[in-house]
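I opened this entry to look up two loop residues and the enclosed cavities, and I kept in mind throughout that the model is predicted.

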Amino acid sequence: MEALTRRQLLMGGSAAVLHLAVARPLRAHPAIPQFRCPLPLPPVLQPIRGDSVADYYEVVQREASIEIIPGMRTRIWGYDGIFPGPTIEARRGRAAVVTHTNGLGIPTVAHLHGGVTRPQSDGFPTDTVAPGGTRTYEYDNVGRPATLWYHDHSWRGSGRNLYMGLAGLYLLKEDSEIEGRLPNGAYDIPLMLHDRAFTADGQLDYDHDGHHGATGRVMLVNGAPWPVLEVAARKYRFRILNASNATAVRLALSTHHPLIQIGSDQGLLAAPVVLSTIGLAMAERVEIVVDFSVYPLGTRVVLENRRGDGPLRSVMRFDVVRSARDDSSVPEHLSLVEPLDRSQAVRTRTFEFGGKPTLGVLPGVQWGINGEPFDPTRVDANPRLDEIELWRFVNRGFVGRSMLHPVHTHLAPFQVLSRNGRAPLRQERGWKDTVTIEDGEDVEVIIRWSGHKGRYLLHCHNLEHEDHSMMARVDVV
């Protein structure tokens, strides 16, 4: 632990005292070499049956002992006992009915992040499934084709449960001319990122750092530490999800070649955006195309995290090992994104995200929205079905400690209107369901509350902030 001087204590006031109270000694962890493991791909879950309108799936949440660190066994809680869980590939317009059985010793809730779902299937934090119980979630799949994901959403337990492994990809797809032109099949690859800490004997070491957020020094991609993917000298499409509890990343290639962003949380952008780096907060997704044909065979390209340091500076490595035919392209026009205008908004709501210290044997933070901790019986916003509203998200910080808040709305995606009074970033101009609010920032989004009436959520997707207790109930009426 870095020592605090008397001057730092006096200057930092309560923030320094709190940091001193919650800081921890460095934890022992196994030595894990980078770029030794091949990139695993989660298996695609097969339906147990289908009919004219829906496919039916079964998932068992259970404990398992698996190899994450080479040569060691790690206890996880996984969907079907794997980490990440199996990928569900759904078709737009065709329902998916997923029955979850809780084989764990703790209550759980399954939430389809980014889905347009009925309230009884949305995964409200108090709609828990008890150990040994089952619950069936029905997904109509009426949203835009996009990279979604499913994960635990139980109140005061989602951080621990996701850290232990309860997360999986949900790819909502449809056939179209544009999709046929983009890299597809074996060249369309999902990458789920999550940093983790491990004990010396290889077990997951969950520590929420006084409710600030659970982090780690090992970067996993699809459950493997700093893996390697052998690629052909051609274009690839990568669907990237930051599934970390509390760690934001900024992705770039070690060769300084550009990344071509084609999609965000809720599917394809209107047009591709060429970027040198791409920021990705917790729960955000991005779809990019990387053209490896610019590299000679034998080139090694590291996907870097420019926001990280030490071991978290690297994410994974691509090894260009073979030639291949490439008929794919990145069209200049990708999708129709209907722009919403602030003049369409019937009302404006402001939500301030902040926290205050809590005292006790283990000091922590009480996070809240508009100064209030989450109360599942209190309605904090009540938009009308099919009306458009402007929502303003403000990050008030926390007694001198800079904290990022990824703000997520259930049910309805949104468009970013402004960031600190200026135009949004180019890559933010598609449909999103999670937006990064850095310390001190003020971000406006515009939302059409279409889909269903019922009980939903607004919350921070730092999972420890969510657990303690940065959520608000939203009832669509």
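My notes on the two residues come before those on the cavities.

**Ser 328.** I looked up Ser 328 and found it in the loop between strand 21 (314-322) and strand 22 (347-358). Its relative accessible area is 12%, and because buried means under 20%, I entered Ser 328 as buried. Leaving out residues up to four places away in sequence, I listed Arg 181, Leu 182, Pro 183, Arg 234 and Lys 235 as the residues that Ser 328 touches; with Arg 234 there is also a side chain to side chain polar contact, at 3.4 Å.

**Asp 140.** I then turned to Asp 140, which sits in the loop between strand 7 (134-139) and strand 8 (146-152). Neighbours within four places in sequence aside, Asp 140 is in contact with Gly 93, Arg 94, Ala 95, Arg 118 and His 452, and its side chain makes a polar contact of 3.1 Å with the side chain of Arg 118. I also noted that 9.7 Å separates the C-alpha atoms of Asp 140 and Arg 91, which are 49 residues apart along the chain.

**Cavities.** How many cavities of 30 Å³ or more are there? I recorded two. The largest has a volume of about 70 Å³, and its 13 lining residues include Gly 115, Val 116, Asn 141, Gly 143 and Leu 172, which lie nearest its centre; by class, I noted five nonpolar, six polar and two charged residues in that lining. The second largest cavity has a volume of about 50 Å³, and its lining divides into five nonpolar, seven polar and one charged. Gly 114, Gly 115, Gln 266, Thr 409 and Leu 411 lie nearest the centre of the second largest cavity.

Notes. Residues numbered from 1 in each chain as written. Predicted model: local features only at pLDDT ≥ 70, side-chain atom pairs only at ≥ 80, totals over all residues. Heavy atoms only, no water. Helix = DSSP H or I, 4+ residues; strand = E, 2+ residues; numbered from the N terminus. Buried < 20%, exposed > 50% of the residue type's maximum accessible area, 1.4 Å probe, protein only. Polar contact = N/O pair within 3.5 Å; in protein donor to acceptor, adjacent residues only side chain to side chain. Contact = heavy atoms within 4.5 Å. 1 Å grid on protein atoms, 1.4 Å probe; cavity = no way out; pocket = protein on both sides within 12 Å on 5 of 7 lines; lining within 4 Å. Points joined across faces, edges and corners; volume = space filled by probe spheres on them. Nonpolar A, V, L, I, M, F, W, Y, C, P; charged D, E, K, R; others polar.
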